[in-house]
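Trainee: I would like to go through this model and ask how each label is justified.
Mentor: Go ahead, and we will set each value against its criterion.

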Amino acid sequence: MFGCLVAGRLVQTAAQQVAEDKFVFDLPDYESINHVVVFMLGTIPFPEGMGGSVYFSYPDSNGMPVWQLLGFVTNGKPSAIFKISGLKSGEGSQHPFGAMNIVRTPSVAQIGISVELLDSMAQQTPVGNAAVSSVDSFTQFTQKMLDNFYNFASSFAVSQAQMTPSPSEMFIPANVVLKWYEAFSVSNIKFCN
């Protein structure tokens, strides 16, 4: 029903079913993982009015599991990318895996998926820093390209006193580039929203 993907590793499609409506994937060497993708396989949809709450669990300093809500997958949103690299030091939250005796080793984290009512999922709040930016990759590329251009152009800036007259070259004041960059960034943010 579910799959789990970590960059540089094989796709996991055989979740361990720990209850009728609970599934887990083991994540060995979780300290090296930045993002994880959770997705539905497309073979079995959720029943009407149901979805999957996605949790991340890692062992605390005593080896006890700490569970944090990452987000959700549903028939309408069958996959999601979560950033887990910043979660390892955070606080745990309420979770449906508490009473279960899930076998684990200290260096293994887990992704848990709990099948729940969409109404109850809507009342839950995922940890804030797990969501991956919703800005599309073209917008991210454009922003990084503009940052790079401005930094590159600014590295050649000289004061008027430092300038050597060169009639064959044209000079653009650095503040003009900065004004354009700021105006473009503001209009780009308004366009994307």
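**Labels and their grounds**

Mentor: Start with one pair: Gly-3 has Phe-39 in S4 as its bridge partner. Keep in mind that this is a predicted model.

Trainee: What makes S1 and S4 a strand pair?
Mentor: Two strands pair if DSSP finds at least two bridges between them. Strand S1 (residues 2-5) and strand S4 (residues 35-40) are joined by four bridges, so the criterion of at least two is met. The two strands run antiparallel.

Trainee: Which strand is joined to S4 by five bridges?
Mentor: Strand S7, residues 79-83, which runs antiparallel to S4. Within this pairing, Lys-83 in S7 is the bridge partner of His-35.

Trainee: Why is Phe-82 called buried or exposed?
Mentor: Buried means under 20% relative accessible area. Phe-82 has 4% relative accessibility, so Phe-82 counts as buried. Phe-82 belongs to strand S7. Its C-alpha atom is separated by 5.4 Å from that of Val-36, although the two residues are 46 apart along the chain.

Trainee: How many of the chain's residues count as buried?
Mentor: The figure is 32% of the 193 residues. The chain exposes about 12300 Å², and carbon and sulfur atoms supply 59% of that area.

Trainee: What is the strand order in the open sheet?
Mentor: The open sheet has five strands in the order S2-S3-S8-S5-S6, with antiparallel pairing.

Trainee: Why do S2 and S6 stand at the edges?
Mentor: Strand S2 (16-19) and strand S6 (65-73) each have a single partner strand, so one side of each has no neighbour in the sheet. Neighbouring strands of this sheet are turned by 30° against each other on average, direction ignored.

Trainee: How do you know that S3 and S8 are paired?
Mentor: Seven bridges join strand S3 (residues 22-28) to strand S8 (residues 108-117), and at least two are required, so they count as a pair. They run antiparallel. One of the bridges links Phe-23 to Ile-113 in S8.

Trainee: What pattern does the chain follow along the sequence?
Mentor: It reads β-β-β-β-β-β-β-β-α-α-α, which corresponds to eight strands and three helices.

Trainee: What share of the contacts between residues at least 6 apart join residues at least 24 apart?
Mentor: In the chain, the share is 72%.

Methods
Residues numbered from 1 in each chain as written. Predicted model: local features only at pLDDT ≥ 70, side-chain atom pairs only at ≥ 80, totals over all residues. Heavy atoms only, no water. Buried < 20%, exposed > 50% of the residue type's maximum accessible area, 1.4 Å probe, protein only. Contact = heavy atoms within 4.5 Å. Areas by Shrake-Rupley, 256 points an atom, 1.4 Å probe, with all protein chains shown as cover. Axes fitted to C-alpha atoms, helices over the stretch in contact; angles between N-to-C directions.
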